[in-house]
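This briefing concerns a single protein chain and its ligands. Please examine the sequence and the model displayed here before turning to the points listed after them.

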Amino acid sequence: MKVKIYPSKVYGTVTIPSSKSMAHRALICASLAKGCSTLSGIMPSKDIEATISCMQALGAKIEKVEDNYIVHGTNLQVQVQNILCDCHESGSTLRFLIPVASLTNQKVTFIGQGRLMKRPMDIYQTLFDQQNLSFIQEEDHIEIKGALKENHYTIPGNVSSQFISGLLFTLPLLPKESTITIQEPFESKSYVDLTLQMLKNFGITIHQKGNTYSIPGSQHYQAKDVHVEGDYSQMAFFGALASLQSELTITNMDPDSMQGDKAILQQLQNAGAKVSIKNDQITVTHQLLQAQTIDLANCPDLGPILCVLASFCKGYTHFIHAKRLRIKESDRIEAMESELKKWGVDISSTEDTITIYGKEAYDRKDVIIDGHNDHRIVMAMSVFGLCAKHPSVIQGAEAITKSYPTFFDDILKIHGKVETV
Ligand SMILES: O=C(O)C1=C[C@@H](OP(=O)(O)O)[C@@H](O)[C@H](O)C1
Ligand SMILES: C=C(OP(=O)(O)O)C(=O)O
(Lines give C-alpha, C1' and ligand atoms only; values in the text may rest on other atoms or scores of the structure.)
(Ligands and ions follow the chains in the order given, each with its own letter.)
Protein backbone atom coordinates (compact mmCIF):
# COMPACT_ATOMS: atom_id res chain seq x y z
CA MET A 1 0.00 0.00 0.00
CA LYS A 2 1.24 3.46 -0.97
CA VAL A 3 0.04 6.51 0.95
CA LYS A 4 0.44 10.17 0.12
CA ILE A 5 0.99 12.41 3.11
CA TYR A 6 0.18 16.10 2.83
CA PRO A 7 1.61 18.76 5.15
CA SER A 8 -1.24 19.36 7.59
CA LYS A 9 -1.92 21.27 10.74
CA VAL A 10 -3.41 18.68 13.11
CA TYR A 11 -5.69 19.37 16.06
CA GLY A 12 -8.22 17.68 18.31
CA THR A 13 -8.27 14.48 20.33
CA VAL A 14 -6.93 11.02 19.58
CA THR A 15 -7.60 7.84 21.56
CA ILE A 16 -4.61 5.53 21.70
CA PRO A 17 -5.17 1.76 21.35
CA SER A 18 -4.10 -0.88 23.87
CA SER A 19 -0.49 -1.53 24.74
CA LYS A 20 0.78 -4.30 22.49
CA SER A 21 3.26 -5.38 25.15
CA MET A 22 0.60 -5.64 27.83
CA ALA A 23 -1.86 -7.36 25.49
CA HIS A 24 0.70 -10.11 24.64
CA ARG A 25 1.34 -10.62 28.34
CA ALA A 26 -2.32 -10.68 29.36
CA LEU A 27 -3.14 -13.19 26.61
CA ILE A 28 -0.26 -15.47 27.57
CA CYS A 29 -1.00 -15.38 31.32
CA ALA A 30 -4.74 -15.93 30.76
CA SER A 31 -3.91 -18.80 28.38
CA LEU A 32 -1.87 -20.50 31.07
CA ALA A 33 -4.50 -20.06 33.81
CA LYS A 34 -7.01 -22.64 34.95
CA GLY A 35 -10.47 -21.24 34.29
CA CYS A 36 -11.86 -18.37 32.31
CA SER A 37 -10.42 -14.84 32.02
CA THR A 38 -12.02 -11.90 30.24
CA LEU A 39 -9.57 -9.47 28.64
CA SER A 40 -10.92 -6.09 27.61
CA GLY A 41 -9.51 -3.12 25.73
CA ILE A 42 -7.30 -5.16 23.37
CA MET A 43 -7.03 -3.86 19.80
CA PRO A 44 -6.35 -6.68 17.32
CA SER A 45 -3.19 -6.33 15.23
CA LYS A 46 -1.03 -8.85 13.40
CA ASP A 47 1.30 -9.29 16.37
CA ILE A 48 -1.56 -9.82 18.79
CA GLU A 49 -3.23 -12.25 16.39
CA ALA A 50 0.05 -14.17 16.25
CA THR A 51 0.10 -14.61 20.02
CA ILE A 52 -3.57 -15.65 20.03
CA SER A 53 -3.08 -18.27 17.31
CA CYS A 54 0.06 -19.66 18.98
CA MET A 55 -1.66 -19.96 22.37
CA GLN A 56 -4.56 -21.70 20.61
CA ALA A 57 -2.08 -24.10 19.00
CA LEU A 58 -0.79 -24.78 22.53
CA GLY A 59 -4.31 -25.67 23.71
CA ALA A 60 -5.89 -22.43 24.97
CA LYS A 61 -9.41 -21.53 23.86
CA ILE A 62 -9.62 -17.87 22.90
CA GLU A 63 -12.76 -16.28 21.54
CA LYS A 64 -13.53 -12.69 20.63
CA VAL A 65 -16.93 -11.68 21.96
CA GLU A 66 -17.75 -8.11 21.00
CA ASP A 67 -14.77 -6.09 22.27
CA ASN A 68 -13.52 -8.71 24.73
CA TYR A 69 -11.34 -11.77 24.49
CA ILE A 70 -12.65 -14.70 26.53
CA VAL A 71 -9.78 -17.03 27.36
CA HIS A 72 -9.93 -20.58 28.73
CA GLY A 73 -6.45 -21.65 29.72
CA THR A 74 -4.43 -24.71 28.71
CA ASN A 75 -2.45 -27.10 30.89
CA LEU A 76 -0.08 -27.54 27.92
CA GLN A 77 -0.87 -31.29 27.74
CA VAL A 78 -1.50 -30.96 23.99
CA GLN A 79 -2.13 -34.26 22.25
CA VAL A 80 -1.34 -33.03 18.71
CA GLN A 81 1.85 -34.33 17.14
CA ASN A 82 4.00 -31.56 15.68
CA ILE A 83 2.41 -28.36 16.97
CA LEU A 84 2.73 -25.40 14.58
CA CYS A 85 3.04 -21.83 15.90
CA ASP A 86 2.95 -19.02 13.33
CA CYS A 87 4.51 -15.91 14.87
CA HIS A 88 4.14 -13.72 11.75
CA GLU A 89 6.78 -11.03 12.44
CA SER A 90 6.35 -10.77 16.18
CA GLY A 91 9.60 -11.07 18.11
CA SER A 92 7.67 -10.93 21.37
CA THR A 93 5.46 -13.88 20.39
CA LEU A 94 8.40 -16.05 19.31
CA ARG A 95 10.68 -15.27 22.23
CA PHE A 96 7.93 -15.38 24.86
CA LEU A 97 6.56 -18.70 23.64
CA ILE A 98 9.60 -20.86 22.87
CA PRO A 99 10.16 -21.74 26.56
CA VAL A 100 6.40 -21.95 27.25
CA ALA A 101 5.90 -24.33 24.32
CA SER A 102 8.81 -26.50 25.45
CA LEU A 103 6.65 -27.57 28.41
CA THR A 104 4.36 -29.52 26.06
CA ASN A 105 7.29 -31.90 25.63
CA GLN A 106 6.18 -32.28 22.01
CA LYS A 107 7.82 -31.25 18.79
CA VAL A 108 6.83 -27.59 18.25
CA THR A 109 7.64 -25.76 15.02
CA PHE A 110 7.72 -21.97 15.00
CA ILE A 111 7.40 -20.20 11.68
CA GLY A 112 7.47 -16.50 10.89
CA GLN A 113 7.78 -13.86 8.22
CA GLY A 114 9.95 -10.92 7.29
CA ARG A 115 13.11 -10.64 9.30
CA LEU A 116 11.80 -12.60 12.28
CA MET A 117 13.98 -15.68 11.93
CA LYS A 118 17.06 -13.50 11.41
CA ARG A 119 16.62 -11.73 14.75
CA PRO A 120 18.91 -13.16 17.49
CA MET A 121 17.79 -16.47 19.03
CA ASP A 122 21.16 -17.84 20.16
CA ILE A 123 20.40 -17.32 23.86
CA TYR A 124 17.71 -20.00 23.62
CA GLN A 125 19.90 -22.15 21.36
CA THR A 126 22.54 -22.14 24.12
CA LEU A 127 20.04 -22.91 26.91
CA PHE A 128 18.48 -25.79 24.98
CA ASP A 129 21.93 -27.18 24.09
CA GLN A 130 23.02 -27.00 27.75
CA GLN A 131 20.00 -29.09 28.75
CA ASN A 132 20.38 -31.55 25.85
CA LEU A 133 17.05 -30.46 24.35
CA SER A 134 16.47 -30.16 20.65
CA PHE A 135 16.57 -26.62 19.16
CA ILE A 136 16.96 -26.61 15.40
CA GLN A 137 17.00 -23.27 13.65
CA GLU A 138 16.68 -23.15 9.86
CA GLU A 139 16.23 -20.15 7.60
CA ASP A 140 12.42 -20.10 7.89
CA HIS A 141 11.60 -21.97 11.09
CA ILE A 142 12.69 -23.11 14.53
CA GLU A 143 11.86 -26.58 15.77
CA ILE A 144 12.11 -27.48 19.44
CA LYS A 145 11.51 -30.62 21.44
CA GLY A 146 11.87 -31.26 25.15
CA ALA A 147 10.93 -29.38 28.29
CA LEU A 148 13.18 -26.77 29.88
CA LYS A 149 14.13 -27.65 33.45
CA GLU A 150 14.64 -25.80 36.71
CA ASN A 151 18.05 -24.19 36.69
CA HIS A 152 20.21 -21.24 37.68
CA TYR A 153 19.98 -19.33 34.41
CA THR A 154 22.44 -16.57 33.53
CA ILE A 155 21.31 -14.37 30.64
CA PRO A 156 23.12 -11.46 28.92
CA GLY A 157 21.10 -8.29 29.51
CA ASN A 158 21.88 -6.51 26.28
CA VAL A 159 20.44 -8.67 23.50
CA SER A 160 16.68 -8.74 24.14
CA SER A 161 14.64 -8.64 27.33
CA GLN A 162 12.14 -10.90 25.56
CA PHE A 163 14.26 -13.97 26.47
CA ILE A 164 13.98 -13.05 30.15
CA SER A 165 10.21 -12.53 29.88
CA GLY A 166 9.88 -15.90 28.10
CA LEU A 167 11.64 -17.67 30.97
CA LEU A 168 9.61 -15.75 33.58
CA PHE A 169 6.35 -16.99 32.01
CA THR A 170 7.61 -20.59 32.01
CA LEU A 171 9.66 -21.29 35.12
CA PRO A 172 6.84 -20.88 37.70
CA LEU A 173 5.20 -23.95 36.12
CA LEU A 174 8.19 -26.24 36.85
CA PRO A 175 8.14 -28.35 40.03
CA LYS A 176 11.11 -26.68 41.75
CA GLU A 177 12.61 -23.20 42.14
CA SER A 178 14.75 -21.58 39.43
CA THR A 179 16.76 -18.38 39.35
CA ILE A 180 17.64 -16.03 36.52
CA THR A 181 20.61 -13.69 36.83
CA ILE A 182 20.91 -10.92 34.27
CA GLN A 183 24.39 -9.80 33.27
CA GLU A 184 24.98 -6.06 32.95
CA PRO A 185 24.24 -3.99 30.98
CA PHE A 186 20.56 -4.78 31.58
CA GLU A 187 18.68 -2.98 28.78
CA SER A 188 14.91 -2.84 28.17
CA LYS A 189 14.50 -3.69 31.88
CA SER A 190 11.19 -1.83 31.93
CA TYR A 191 9.75 -4.61 29.75
CA VAL A 192 10.75 -7.24 32.32
CA ASP A 193 8.95 -5.12 34.93
CA LEU A 194 5.82 -5.24 32.74
CA THR A 195 6.08 -9.03 32.68
CA LEU A 196 6.41 -9.14 36.48
CA GLN A 197 3.41 -6.82 36.83
CA MET A 198 1.21 -9.06 34.66
CA LEU A 199 2.46 -12.27 36.31
CA LYS A 200 1.52 -10.82 39.71
CA ASN A 201 -1.93 -10.00 38.37
CA PHE A 202 -2.40 -13.67 37.51
CA GLY A 203 -1.22 -14.86 40.93
CA ILE A 204 2.42 -15.70 40.13
CA THR A 205 5.11 -14.83 42.70
CA ILE A 206 8.64 -13.86 41.64
CA HIS A 207 11.28 -12.54 44.07
CA GLN A 208 13.79 -10.00 42.85
CA LYS A 209 17.13 -9.08 44.39
CA GLY A 210 19.20 -6.76 42.23
CA ASN A 211 19.60 -8.44 38.85
CA THR A 212 18.54 -11.88 40.12
CA TYR A 213 15.01 -13.23 39.94
CA SER A 214 14.00 -16.25 42.09
CA ILE A 215 11.05 -18.12 40.73
CA PRO A 216 9.40 -20.59 43.12
CA GLY A 217 8.19 -23.75 41.35
CA SER A 218 4.81 -25.55 41.34
CA GLN A 219 2.86 -22.32 40.88
CA HIS A 220 -0.50 -21.95 39.14
CA TYR A 221 -1.72 -19.05 37.04
CA GLN A 222 -5.09 -17.88 38.38
CA ALA A 223 -7.72 -16.71 35.89
CA LYS A 224 -8.31 -12.98 36.05
CA ASP A 225 -10.31 -10.31 34.23
CA VAL A 226 -7.91 -7.67 32.95
CA HIS A 227 -8.38 -4.39 31.14
CA VAL A 228 -5.37 -3.57 28.94
CA GLU A 229 -4.11 0.03 29.18
CA GLY A 230 -3.19 2.36 26.30
CA ASP A 231 0.15 2.13 24.50
CA TYR A 232 2.82 4.76 25.23
CA SER A 233 4.95 3.56 22.27
CA GLN A 234 2.03 4.52 19.97
CA MET A 235 1.20 7.67 21.94
CA ALA A 236 4.74 8.82 21.13
CA PHE A 237 3.87 9.39 17.44
CA PHE A 238 1.05 11.77 18.34
CA GLY A 239 2.99 13.38 21.19
CA ALA A 240 5.88 14.13 18.84
CA LEU A 241 3.52 15.38 16.11
CA ALA A 242 1.87 17.84 18.51
CA SER A 243 5.27 18.96 19.85
CA LEU A 244 6.41 19.70 16.31
CA GLN A 245 3.52 21.84 15.15
CA SER A 246 0.33 22.25 17.20
CA GLU A 247 -1.64 20.84 20.09
CA LEU A 248 -3.27 17.45 20.56
CA THR A 249 -5.12 15.82 23.40
CA ILE A 250 -4.25 12.16 23.68
CA THR A 251 -6.53 9.88 25.69
CA ASN A 252 -6.54 6.35 27.15
CA MET A 253 -3.14 6.92 28.77
CA ASP A 254 -2.72 5.52 32.29
CA PRO A 255 -0.69 8.11 34.22
CA ASP A 256 0.56 5.34 36.56
CA SER A 257 1.65 3.05 33.75
CA MET A 258 4.92 1.15 34.15
CA GLN A 259 5.62 1.16 30.41
CA GLY A 260 9.21 2.23 29.73
CA ASP A 261 8.04 4.22 26.71
CA LYS A 262 6.24 6.58 29.06
CA ALA A 263 9.70 8.21 28.96
CA ILE A 264 8.40 9.96 25.84
CA LEU A 265 6.64 12.47 28.11
CA GLN A 266 9.93 13.50 29.73
CA GLN A 267 11.73 13.56 26.39
CA LEU A 268 9.12 15.85 24.82
CA GLN A 269 9.37 18.16 27.83
CA ASN A 270 13.18 18.10 27.71
CA ALA A 271 12.92 19.16 24.06
CA GLY A 272 10.76 22.11 25.13
CA ALA A 273 7.19 20.94 24.46
CA LYS A 274 4.46 21.56 27.01
CA VAL A 275 2.95 18.38 28.42
CA SER A 276 -0.03 18.44 30.77
CA ILE A 277 -1.68 15.39 32.27
CA LYS A 278 -5.22 15.18 33.58
CA ASN A 279 -6.52 11.73 34.52
CA ASP A 280 -6.09 9.59 31.39
CA GLN A 281 -5.67 12.57 29.04
CA ILE A 282 -2.36 14.09 28.00
CA THR A 283 -2.27 17.39 26.17
CA VAL A 284 0.92 18.15 24.27
CA THR A 285 1.54 21.65 22.95
CA HIS A 286 4.18 22.90 20.54
CA GLN A 287 6.90 25.27 21.79
CA LEU A 288 10.33 26.10 20.43
CA LEU A 289 12.27 22.80 20.41
CA GLN A 290 15.88 22.20 21.34
CA ALA A 291 18.30 19.29 20.87
CA GLN A 292 19.24 16.95 23.73
CA THR A 293 21.07 13.69 24.48
CA ILE A 294 18.71 10.70 24.48
CA ASP A 295 19.48 7.29 26.00
CA LEU A 296 17.53 4.56 24.19
CA ALA A 297 18.67 1.67 26.45
CA ASN A 298 15.30 1.38 28.15
CA CYS A 299 12.99 2.58 25.36
CA PRO A 300 14.29 1.28 21.99
CA ASP A 301 10.88 1.52 20.29
CA LEU A 302 10.91 5.31 20.68
CA GLY A 303 14.01 5.51 18.46
CA PRO A 304 12.38 6.16 15.04
CA ILE A 305 9.93 8.84 16.18
CA LEU A 306 12.57 10.56 18.31
CA CYS A 307 14.79 10.72 15.20
CA VAL A 308 11.95 12.63 13.52
CA LEU A 309 11.61 14.96 16.50
CA ALA A 310 15.38 15.55 16.50
CA SER A 311 15.31 16.46 12.80
CA PHE A 312 13.36 19.59 13.74
CA CYS A 313 15.20 20.43 17.02
CA LYS A 314 17.80 23.11 16.59
CA GLY A 315 21.30 21.75 17.27
CA TYR A 316 22.81 18.28 17.73
CA THR A 317 20.73 15.47 19.20
CA HIS A 318 22.87 12.51 20.28
CA PHE A 319 21.23 9.12 20.73
CA ILE A 320 23.19 6.64 22.83
CA HIS A 321 22.73 2.88 23.51
CA ALA A 322 20.87 2.53 20.23
CA LYS A 323 22.32 -0.67 18.81
CA ARG A 324 19.29 -2.87 19.54
CA LEU A 325 17.41 -0.79 16.98
CA ARG A 326 19.43 -2.72 14.40
CA ILE A 327 17.77 -6.04 15.32
CA LYS A 328 14.10 -5.13 15.11
CA GLU A 329 11.69 -5.56 12.14
CA SER A 330 14.29 -3.62 10.15
CA ASP A 331 17.70 -2.20 10.98
CA ARG A 332 15.97 0.90 12.32
CA ILE A 333 19.14 3.00 12.43
CA GLU A 334 19.96 2.23 8.81
CA ALA A 335 16.29 2.71 7.81
CA MET A 336 15.88 6.09 9.51
CA GLU A 337 19.23 7.26 8.17
CA SER A 338 18.38 6.42 4.56
CA GLU A 339 14.81 7.80 4.68
CA LEU A 340 15.58 11.01 6.59
CA LYS A 341 18.44 11.75 4.18
CA LYS A 342 15.85 11.80 1.37
CA TRP A 343 14.35 14.84 3.11
CA GLY A 344 17.81 16.39 3.52
CA VAL A 345 18.21 15.67 7.25
CA ASP A 346 21.79 15.83 8.54
CA ILE A 347 22.04 12.39 10.22
CA SER A 348 24.95 10.04 10.88
CA SER A 349 25.39 6.92 12.98
CA THR A 350 27.84 4.46 14.51
CA GLU A 351 26.98 0.90 15.57
CA ASP A 352 25.48 2.15 18.87
CA THR A 353 24.74 5.88 18.35
CA ILE A 354 22.86 8.28 16.10
CA THR A 355 23.57 11.99 15.67
CA ILE A 356 21.12 14.40 14.05
CA TYR A 357 21.66 18.09 13.41
CA GLY A 358 18.14 19.48 13.28
CA LYS A 359 16.70 22.50 11.56
CA GLU A 360 13.38 24.28 11.41
CA ALA A 361 11.98 23.21 8.04
CA TYR A 362 12.40 20.74 5.14
CA ASP A 363 11.26 21.79 1.68
CA ARG A 364 12.23 18.99 -0.73
CA LYS A 365 9.58 18.01 -3.29
CA ASP A 366 8.50 14.57 -4.57
CA VAL A 367 10.11 12.61 -1.73
CA ILE A 368 9.34 8.88 -1.89
CA ILE A 369 9.86 7.04 1.37
CA ASP A 370 10.38 3.28 1.75
CA GLY A 371 8.68 1.81 4.84
CA HIS A 372 11.34 -0.95 5.23
CA ASN A 373 8.51 -3.36 6.12
CA ASP A 374 8.55 -1.80 9.58
CA HIS A 375 5.50 -0.27 11.27
CA ARG A 376 7.53 2.13 13.39
CA ILE A 377 9.42 3.48 10.36
CA VAL A 378 6.13 4.04 8.46
CA MET A 379 4.48 5.81 11.40
CA ALA A 380 7.55 7.94 12.16
CA MET A 381 7.95 8.99 8.52
CA SER A 382 4.22 9.81 8.33
CA VAL A 383 4.72 12.27 11.19
CA PHE A 384 7.66 13.78 9.30
CA GLY A 385 5.53 14.09 6.15
CA LEU A 386 2.77 15.94 8.02
CA CYS A 387 5.36 18.47 9.25
CA ALA A 388 7.27 18.93 5.96
CA LYS A 389 6.67 21.69 3.40
CA HIS A 390 5.55 19.47 0.49
CA PRO A 391 3.63 16.17 0.08
CA SER A 392 5.50 12.86 0.16
CA VAL A 393 4.66 9.24 -0.63
CA ILE A 394 5.30 6.28 1.68
CA GLN A 395 5.64 2.85 0.06
CA GLY A 396 4.91 -0.29 2.06
CA ALA A 397 2.62 1.60 4.43
CA GLU A 398 0.67 -1.61 5.19
CA ALA A 399 3.43 -2.42 7.69
CA ILE A 400 1.34 -0.51 10.28
CA THR A 401 -0.92 -3.56 10.57
CA LYS A 402 1.79 -5.20 12.71
CA SER A 403 0.85 -3.05 15.70
CA TYR A 404 -1.59 -0.25 14.76
CA PRO A 405 -3.94 -1.06 11.85
CA THR A 406 -6.02 2.09 12.46
CA PHE A 407 -3.07 4.50 12.53
CA PHE A 408 -4.03 6.38 9.35
CA ASP A 409 -7.70 6.52 10.41
CA ASP A 410 -6.55 8.22 13.60
CA ILE A 411 -4.37 10.66 11.62
CA LEU A 412 -7.45 11.55 9.53
CA LYS A 413 -9.49 12.11 12.71
CA ILE A 414 -7.05 14.80 13.84
CA HIS A 415 -7.27 16.45 10.38
CA GLY A 416 -4.01 15.09 8.99
CA LYS A 417 -4.40 14.71 5.22
CA VAL A 418 -3.41 11.26 4.02
CA GLU A 419 -4.71 9.21 1.09
CA THR A 420 -3.90 5.89 -0.54
CA VAL A 421 -2.49 6.23 -4.06
O1 LIG B 1 8.76 -7.23 25.88
C2 LIG B 1 8.24 -6.49 25.03
O3 LIG B 1 7.01 -6.31 24.96
C4 LIG B 1 9.14 -5.76 24.09
C5 LIG B 1 10.47 -5.62 24.39
C6 LIG B 1 11.39 -4.77 23.58
O7 LIG B 1 12.30 -5.61 22.91
P8 LIG B 1 13.83 -5.87 23.42
O9 LIG B 1 13.78 -6.34 24.80
O10 LIG B 1 14.29 -6.91 22.45
O11 LIG B 1 14.54 -4.57 23.29
C12 LIG B 1 10.63 -3.93 22.55
O13 LIG B 1 11.53 -3.43 21.59
C14 LIG B 1 9.54 -4.73 21.87
O15 LIG B 1 8.87 -3.95 20.92
C16 LIG B 1 8.52 -5.17 22.87
C1 LIG C 1 10.23 -4.62 17.94
C2 LIG C 1 8.91 -4.67 18.07
O3 LIG C 1 8.17 -5.77 18.36
P4 LIG C 1 8.66 -7.30 18.41
O5 LIG C 1 10.05 -7.32 19.00
O6 LIG C 1 7.67 -7.97 19.28
O7 LIG C 1 8.64 -7.83 17.01
C8 LIG C 1 8.10 -3.44 17.94
O9 LIG C 1 6.88 -3.51 18.12
O10 LIG C 1 8.66 -2.36 17.63
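**Strand pairing, domains and ligand shells**

Strand β11 pairs with strand β12 (residues 178-183) in the parallel sense, and 5 bridges join the two. The model is a predicted one. The points that follow treat the sheet, then the division into domains, and finally the two ligand shells.

**The four-stranded sheet**

- β11 and β12 belong to an open sheet of 4 strands, arranged in the order β11-β12-β14-β13.
- The edges of this sheet are formed by β11 (152-156) and β13 (207-209), each of which pairs on one side only.
- On average, neighbouring strands of the sheet are turned by 20° against each other, with direction ignored.
- The pairing within the sheet is mixed.
- In general, strands of a sheet pair through backbone hydrogen bonds, in either a parallel or an antiparallel manner.
- Where β11 meets β12, proline 156 stands opposite glutamine 183 of β12.

**Domain organisation**

- The protein chain is divided into domain 1 (3-17 + 230-420) and domain 2 (20-227).
- A distance of 30 Å separates the C-alpha centres of domain 1 and domain 2.
- Domain 1 contributes 19 residues to the contact, and domain 2 likewise contributes 19 residues.
- On the side of domain 1 that touches domain 2, there are 7 nonpolar, 8 polar and 4 charged residues.

**Shell around ligand 1**

- Ligand 1 is surrounded by Ser21, Ser92, Ser160, Ser161, Gln162, Ser165, Ser188, Tyr191, Pro300, Asp301 and Arg324.
- By class, this shell comprises 2 nonpolar, 7 polar and 2 charged residues.
- Helix α5 (residues 161-170) supplies the largest share of the shell around ligand 1, namely 3 residues.
- At least three residues of the shell around ligand 1 come from each of domain 1 and domain 2.

**Shell around ligand 2**

- The residues around ligand 2 comprise Asp47, Ser90, Gly91, Ser92, Asp301, Lys328, Glu329, Arg376 and Ser403.
- The shell around ligand 2 contains no nonpolar residues; its members are 4 polar and 5 charged residues.
- Ligand 2 lies between domain 1 and domain 2, because both domains give residues to its shell.
- Ser92 and Asp301 are listed around ligand 1 and are also listed around ligand 2.

Notes
Residues numbered from 1 in each chain as written. Chains lettered and ligands numbered in written order. Predicted model: local features only at pLDDT ≥ 70, side-chain atom pairs only at ≥ 80, totals over all residues. Near = placed C-beta within 6 Å. Nonpolar A, V, L, I, M, F, W, Y, C, P; charged D, E, K, R; others polar. Domains from an automatic or database assignment. Pairing = 2+ DSSP bridges. Axes fitted to C-alpha atoms, helices over the stretch in contact; angles between N-to-C directions. Contact = placed C-beta atoms within 7 Å.
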